[in-house]
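Here are a few friendly notes to read alongside the coordinates. I have kept each point short, so you can check it against the view as you go.

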Amino acid sequence: MGVHHDDGPVYVADSVTGLLHRHVAALRAGAYRIEQGELWIDAEEPEEEPRALVVAGADAASMRGMRAGIERLTVLNAPWADFRPLRGTPTLWQITVENVPGADLGPLRDTPVELLDLAMDAIDLWPLAGHATLRLLTLRTANPVDLAPLMSCPRLYGLDLSEATVNDLGVLADLKNLLYLRLRRAQWEELWERAGHPAGLAAAELAAEPPRERAWWWSVDRSYHAPEPSLRTAVKWAADLAGRSADVRTFAGRFARGGSASR
């Protein structure tokens with residue numbers, strides 16, 4: 001079972017031999033049961049310390065509660081976040097930052113973080129240039145972000161920029177290892193205009209647009225605004241996504257009623 005399956009392993013033994021000794025001892029003591037032909041061994045496992053940590057408010061200034069065994073860190077609603085206590089943490093692979101004005105991301109270079117989700121007023125990615133393990137990055141900010149530092153991240157394969165403002169989306173054409181990209185419709189159109197259609201993407205996603213508030217009842221425009229993307233918009237985007245690629249087939253039309261495909 002992979003270490004990232006659900007919440008990870010429920011118990012990490014010192015060795016396979018040690019784990020077998022515990023199960024054999026439980027069998028000899030009769031601590032087992034058979035249900036529907038399956039053997040269940042009731043071996044008591046040591047208490048494991050939590051591997052996830054949530055830091056909120058003023059506690060983010062010192063990353064209170066941070067220790068070596070933490071794998072997933074969430075920082076919430078903090079006026080200031082100091083990531084220096086994270087340096088050298090051996091197992092920290094996921095970090096989520098929500099509602100933080102800004103922070104120096106430099107200390108994160110000395111962590112094995114793979115999944116990074118940043119929702120901050122200002123995001124400077126230059127301290128992350130050359131990060132060795134970063135795989136998936138989500139940015140959420142209204143201030144323009146420079147993506148150029150990401151060109152030196154060798155393992156970065158996924159980006160979600162649907163809630164971010166980006167200086168130049170054309171930089172994405174230089175991310176040769178990029179396999180997954182999530183953008184809004186206008187962002188996709190800007191990317192195609194600046195850099196064409198990324199050839200190496202294995203998965204692309206059209207993100208939902210921010211909801212439009214309905215006008216007041218006395219307003220001239222009282223019509224209902226359907227959420228975007230609509231089905232029509234999504235179909236048009238999917239057709240445009242392929243560009244002129246010779247190895248992508250696009251099918252258009254409707255299925256006939258009764259389940260058989262129309263010709």
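1. Let me begin with the aromatic cluster: W188, W192 and W237 belong to one such group. The structure holds two aromatic pairs. In the pair of W188 and W192, the ring centres are 6.0 Å apart and the planes meet at 40°, so this pair counts as tilted. Please keep in mind that this is a predicted model.

2. Where do W188 and W192 lie? Both are in helix α2, four residues apart, which is about one turn of the helix. With a relative accessibility of 0%, W188 counts as buried. W192 has a relative accessible area of 14% and is buried because the cut-off is under 20%.

3. The two tryptophans are part of a longer list, as the buried residues of α2 (residues 185-195) are R185, Q187, W188, L191 and W192. These residues cover an arc of only 160° around the axis, and therefore they sit on the same side of α2. On the face turned away from that buried side you will find the exposed residues A186 and E193.

4. What do the buried residues of α2 pack against? Their partners are β8 (158-166), β9 (180-183), β10 (203-206) and α3. The helix α2 lies across β8, β9 and β10, and runs at about 120° to β9. After α2 comes G196, which has a positive phi, near 80°.

5. Now for the sheet: it is open, has eight strands and pairs them in parallel, in the order β3-β4-β5-β6-β7-β8-β9-β10. The edges are taken by β3 (52-56) and β10, each with a single partner strand, so one side of each has no neighbour in the sheet. On average, neighbouring strands are turned by 10° against each other, direction ignored.

6. For a closer look at one pairing, take β4 (residues 72-76) and β5 (residues 94-100), parallel strands joined by five bridges. T74 has T96 in β5 as its bridge partner.

7. Finally, a word on confidence. The protein has an average pLDDT of 84, and 80% of the residues score at least 70. Which elements mark the two ends of the confidence range? Helix α3 (residues 231-241) is lowest, with a mean of 82, while strand β6 (residues 115-120) is highest, at 97. Over residues 259-263, pLDDT stays under 50, and the model has six contacts beyond four places in sequence for this stretch. Where pLDDT is low, the predicted coordinates should not be read in detail.

Conventions
Residues are numbered from 1 along each chain as its sequence is written. This is a predicted model: local features need pLDDT of at least 70, side-chain atom pairs count only at pLDDT 80 or more; totals for chains, interfaces and linings use all residues. Side-chain values use heavy atoms; hydrogens and water are left out. pLDDT is the predictor's confidence in each residue, from 0 to 100. Contact means heavy atoms within 4.5 Å. Buried means under 20% relative accessible area, exposed over 50%, partly exposed in between (1.4 Å probe, protein chains only). The arc is that of the directions from the helix axis to the C-beta atoms. Rings of Phe, Tyr and Trp (its six-membered ring) pair if their centres lie within 6.5 Å; planes under 30 degrees apart count as stacked, over 60 as edge-to-face and the rest as tilted. Two strands pair if DSSP finds at least two bridges between them. Axes are lines fitted to C-alpha atoms, for helices over the stretch in contact, and angles run from 0 to 180 degrees between N-to-C directions.
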